[in-house]
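Thanks for coming, everyone. Please look at the structure for a moment before I start, and keep it open while I talk.

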Amino acid sequence: MYLTRLVYVSRVCAGFNVSDIEGILAAAKEYNAKQCITGMLCFTPEYFLQCLEGGRANVNKLYQRILLDERHSDILLLDYQEIKERDFPEWSMGYIPNNKITNEINLKYSGGRDFNPYEMRGESCTAMMKALANSSR
Ligand code: FAD
């Protein structure tokens, strides 16, 4: 099974709040572990940014389920590629909360201080999530 990485951004739908994230993470951890999918999810009041890594068919199947989810909208694929190794092998689905996404980290990986993944390169998004995951160990 070809190892694949997929990164997308989406807008959080009205009414969704930080306590609802627990439900997504619980479902994700259970399903992803069974499918050997790993990755990272960033959540702010405006955006979801998620990286999914795993076998090509499994990642595509999960992405198709996520596309149907009414808890977010304007889903934009930022990066899709075959990879040599995982960036998040220890996380069935890691979570980066809003307060970790500082002006400094935005400045390092994007053109400004504000977090807006619609204006970022997919590879920069992955690098940023990797840096944030490593800093929260
Ligand atoms: P069902 O459970 O039958 O749900 C059908 C629809 O009902 C969903 O599409 C959604 O619109 C809605 N729904 C389901 N549960 C709730 C709820 N608790 N509250 C409100 N509405 C609900 N799933 C994973 O397995 N792995 C992931 O990595 C993952 N990442 C996600 C990231 C984001 C940003 C979002 C929004 C969802 C994510 N999910 C993830 C959840 C995924 O979209 C599906 O809901 C889940 O996989 C169950 O799929 P299903 O086909 O069984 O849908």
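Strand β1, which covers residues 3–12, pairs with strand β3, residues 47–55, in the antiparallel sense and over nine bridges, and if you would like one pair to find on your screen, take R5, whose bridge partner in β3 is E53. Please keep in mind throughout that this is a predicted model.

Now to the sheet as a whole. Its five strands form an open sheet in the order β4-β1-β3-β2-β5, and the pairing is mixed. The edge strands, each of which pairs on one side only, are β4 at residues 72–82 and β5 at residues 94–96, and from one strand to the next the twist averages 15°.

Next, the helices. Helix α1, residues 21–34, lies across β2, β3 and β5, and its direction runs at about 175° to that of β2, the strand at residues 38–43. Helix α2, residues 56–67, also packs on the sheet, where it touches β1, β3 and β4, and it makes about 155° with the direction of β3.

That leaves helix α4, residues 122–135, where we can check a length: at 1.5 Å a residue its 14 residues should span 20 Å, and its end C-alpha atoms are indeed 20 Å apart, so the two values agree.

Which residues of α4 are buried? They are G122, S124, C125, T126, M128, M129, L132 and A133. As for what covers these buried residues, the list includes the strands β1, β2, β3, β4 and β5, together with helix α3 at residues 103–109. As a general point for reading such a list, an α-helix has 3.6 residues a turn, so residues three or four places apart point the same way.

Terms used
Residues are numbered from 1 along each chain as its sequence is written. This is a predicted model: local features need pLDDT of at least 70, side-chain atom pairs count only at pLDDT 80 or more; totals for chains, interfaces and linings use all residues. Side-chain values use heavy atoms; hydrogens and water are left out. Two strands pair if DSSP finds at least two bridges between them. Helices (H or I, at least four residues) and strands (E, at least two) are DSSP runs, numbered from the N terminus. Axes are lines fitted to C-alpha atoms, for helices over the stretch in contact, and angles run from 0 to 180 degrees between N-to-C directions. Contact means heavy atoms within 4.5 Å. The expected span of a helix is 1.5 Å times one less than its number of residues. Buried means under 20% relative accessible area, exposed over 50%, partly exposed in between (1.4 Å probe, protein chains only).
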